[in-house]
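Please find below a short note on the model, arranged as numbered points. It treats confidence, then one helix pair, then one residue.

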Amino acid sequence: MRPQTAHRATLTTLTALAPVSWGTTYAVTTEFLPPDRPLFTGLLRALPAGLLLLALARVLPRGAWWWKSVVLGALNIGAFFPLLFLSAYRLPGGMAAVVGSVGPLFVVGLSALLLGQRPSTRTLLTGIAAAFGVSLVVLQAAGALDALGVLAAFASTASMSTGTVLTKRWGRPEGVGPLALTGWQLTAGGLLIAPLAVLVEGAPPALDGRAVGGYLYLALANTAVAYWLWFRGIGRLTATQVTFLGPLSPLTAAVVGWAALGQALTPVQLAGMALAFGATVAGQIGPRRKPSGPEVVRGTSGGTVLGSPGRKVPKGSTEVTGQGVTGQEVAGPALRR
């Protein structure tokens, strides 16, 4: 395996740990946390994790990044968490997860509008296959659908998808790593949820040892680490590749329900898991790019770069042209716009 391919596989695997972690949220919430407190749970997931990352990064936003952090925090955290919990409480079975699994299609459309990335037929079909596979795993017929719940599910998916694409478009400020960017968003999102939680749910509930342990897991592993891996992946992979990892969340929830909660898996669900996982893997395979010209490397002797008439390479420097290595890859993973 080439070093570049191995590096990308490692990066993709680490990014995939985020939705895998999020897939454990349902089991932790139902088994460890007080019931009917979605906003309080969202608040304790976001704000402590954000403050912790801010303390570790010790970097605050500057200039336009104050309002950009608020926008991204609202889309990825502040709006996403309450809408997600609202849909989960009002929809039967796994309908909220099914709606959420169309996130790759949202991102494909938004990437075309905001990033100029034209979707391929293969990408669209892969997104449809992922959503269909997830529906086979989690969808159960259970009465009429609640209109508000469906609207909240679509809104939560659209919110996270928009946040993913804008995170890719805006990148990160010069010298700022994904740890600080994640801390900014989690803190902003948590502060947006806080007044809503107080107004709707009132005073915090009494917590026992199990609840404290559950909230610690959600705040640290499920949010601080998982979102850091997620935003780190957004900075280094395409928005479409990242969002195609999303179906791993409901698939993980189904596996945890089977292994830890004694929930049975039918042959149809197993087939759906295989289809959704296959679509997730296919979503990581980008289209082949045709080389637009020769790739030339000039070393310490200097000289003229092939394909760039009249342009000299400074003595003692190295320059790479063509499709092999991009300036972004040479400079590092951070997006600079």
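**Confidence and local packing**

1. Helix 15 (residues 327–331) has the lowest mean pLDDT among the elements of the protein, 29, and helix 4 (residues 65–78) the highest, 96. Here pLDDT is the predictor's confidence in each residue, from 0 to 100, and helices are DSSP runs of H or I with at least four residues, numbered from the N terminus.

2. This is a predicted model, in which local features need pLDDT of at least 70 and side-chain atom pairs count only at pLDDT 80 or more, while totals for chains, interfaces and linings use all residues. Residues are numbered from 1 along each chain as its sequence is written, and side-chain values use heavy atoms, without hydrogens and water.

3. The protein has an average pLDDT of 78, and 78% of the residues score at least 70. Over residues 289–337 pLDDT stays under 50. Where pLDDT is low, the predicted coordinates should not be read in detail.

4. Helix 2 (residues 25–32) packs with helix 11 (residues 209–236) at an angle of about 160°, their axes 9 Å apart. Helix 2 is therefore roughly antiparallel to helix 11 (an angle over 145 degrees, on a scale from 0 to 180 degrees between N-to-C directions, with axes fitted to C-alpha atoms over the stretch in contact). The contact (heavy atoms within 4.5 Å) involves Thr25, Val28, Glu31 and Phe32 of helix 2, and residues of helix 11 including Arg210, Tyr217 and Asn222.

5. Leu84 belongs to helix 5 (residues 80–90). Its relative accessible area is 29%, so Leu84 is partly exposed (between buried, under 20%, and exposed, over 50%, with a 1.4 Å probe and protein chains only). The C-alpha atoms of Leu84 and Pro38 are separated by 9.2 Å, the two residues being 46 residues apart along the chain.

Terms used: Helix = DSSP H or I, 4+ residues; strand = E, 2+ residues; numbered from the N terminus. Parallel < 35°, antiparallel > 145°, perpendicular 65-115°, else oblique.
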